[in-house]
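Student: Could you take a close look at one strand for me and follow what hangs off it? I'd like a connected walk-through rather than a list.

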Amino acid sequence: QVQLVESGGGLVQAGGSLRLSCAASRSINSIYTMGWYRQAPGKQRELVATFTSGGTTNYADSVKGRFTISRDNAKNTMYLQMNSLKPEDTAVYYCRAGVLTASLVYNYWGQGTQVTVSS
């Protein structure tokens with residue numbers, strides 16, 4: 001198991017920046033996959049950025065060139081640097097950890113952090 005705690009959300013004007021953090025309760029070195037997702041009111045949760053099991057990164061087209069996912073294994077923390085924010089980035093942002101156990105991947109989610117971008 002792993003517990004995840006997001007932080008760093010808030011209210012920012014369009015064009016501004018925020019950095020989200022996701023602190024894990026255990027070493028993230030062996031976590032199979034990790035990523036950031038978001039859910040806007042009335043919409044489904046969607047992928048924002050992830051680390052694959054091979055260590056590469058994937059981004060949603062809507063955030064490419066503006067958001068950067070990173071991780072600090074020594075601090076057991078994953079980050080999402082968000083630049084050039086737009087009102088349509090407003091959502092609750094969640095981090096996810098996929099833990100491989102007996103050939104099955106179990107997903108764990110944080111409680112989410114609100115990001116609001118004003119126009």
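**Strand S9 and its surroundings**

Tutor: Let's start at the turn that follows the strand: Ala-102 is exposed, with a relative accessible area of 70%. This is a predicted model, so keep that in mind throughout. Ala-102 sits in the loop between S9 and S10, and its phi is near 50 degrees, a positive value in a residue other than glycine. That's worth a glance, because most residues other than glycine have a negative phi. Another residue of this kind is Ser-84, again with a positive phi of about 50 degrees although it is not a glycine. Ser-84 belongs to the loop between S8 and S9, and at 40% relative accessibility it counts as partly exposed.

Back to the turn. S9 and S10 make a hairpin with two residues between them. The two strands pair in the antiparallel sense over six bridges, with S10 covering residues 104-109. If you want a register to check in your viewer, Ala-97 stands opposite Tyr-108 in S10.

Now go to Cys-95. Cys-95 forms a disulfide with Cys-22, the sulfur atoms being 2.1 Å apart. Cys-22 lies in strand S3 (residues 18-24) and Cys-95 in strand S9 (residues 91-101), so the pair ties together parts that are 73 residues apart in sequence. The link is right-handed, with 60 degrees about the S-S bond, and both Cys-22 and Cys-95 are buried. The count of disulfides comes to one.

What about the packing around here? The largest nonpolar core has 29 residues, and among those with the most contacts inside it are Trp-36, Phe-67, Leu-80 and Tyr-93. S9 gives the most to this core, with five residues. Elements that give two or more residues also include S3, S4, strand S5 (46-51) and strand S11 (113-118). As a general backdrop, nonpolar side chains tend to be buried together in soluble globular proteins.

Some nonpolar side chains are on the outside, though. Leu-100 joins Tyr-32 and Val-105 in a nonpolar patch on the surface, with about 250 Å² of accessible area together. Tyr-32 comes from the loop between S3 and strand S4 (33-39) and is partly exposed, with a relative accessible area of 34%. Ile-31 lies in that loop between S3 and S4 too, but Ile-31 is buried, with a relative accessible area of 6%.

Finally, look at the loop between S8 and S9, where Asp-89 is found. The side chains of Asp-89 and Arg-66 meet in a salt bridge at 2.8 Å, N to O. Arg-66 is in the loop between strand S6 (57-59) and S7, so this pair ties together parts that are 23 residues apart in sequence. Both Asp-89 and Arg-66 are buried. Arg-66 and Asp-89 are also linked with Arg-38 and Glu-46 in a network of salt bridges. Within that network, the side chains of Arg-38 and Glu-46 meet at 2.7 Å, N to O; Arg-38 counts as buried at 6% relative accessibility, while Glu-46 is partly exposed at 37%. The structure holds four salt bridges, one of them between Lys-64 and Asp-61 at 3.1 Å, N to O. Asp-61 is exposed, with a relative accessible area of 63%.

Methods. Residues numbered from 1 in each chain as written. Predicted model: local features only at pLDDT ≥ 70, side-chain atom pairs only at ≥ 80, totals over all residues. Heavy atoms only, no water. Disulfide = S-S within 2.5 Å. Helix = DSSP H or I, 4+ residues; strand = E, 2+ residues; numbered from the N terminus. Buried < 20%, exposed > 50% of the residue type's maximum accessible area, 1.4 Å probe, protein only. Patch = residues over 30% accessible without salt bridge, like charges linked within 9 Å, V, L, I, M, F, W, Y side chains within 5 Å. Areas by Shrake-Rupley, 256 points an atom, 1.4 Å probe, with all protein chains shown as cover. Pairing = 2+ DSSP bridges. Core = buried A, V, L, I, M, F, W, Y, C linked by side-chain atoms within 4.5 Å.
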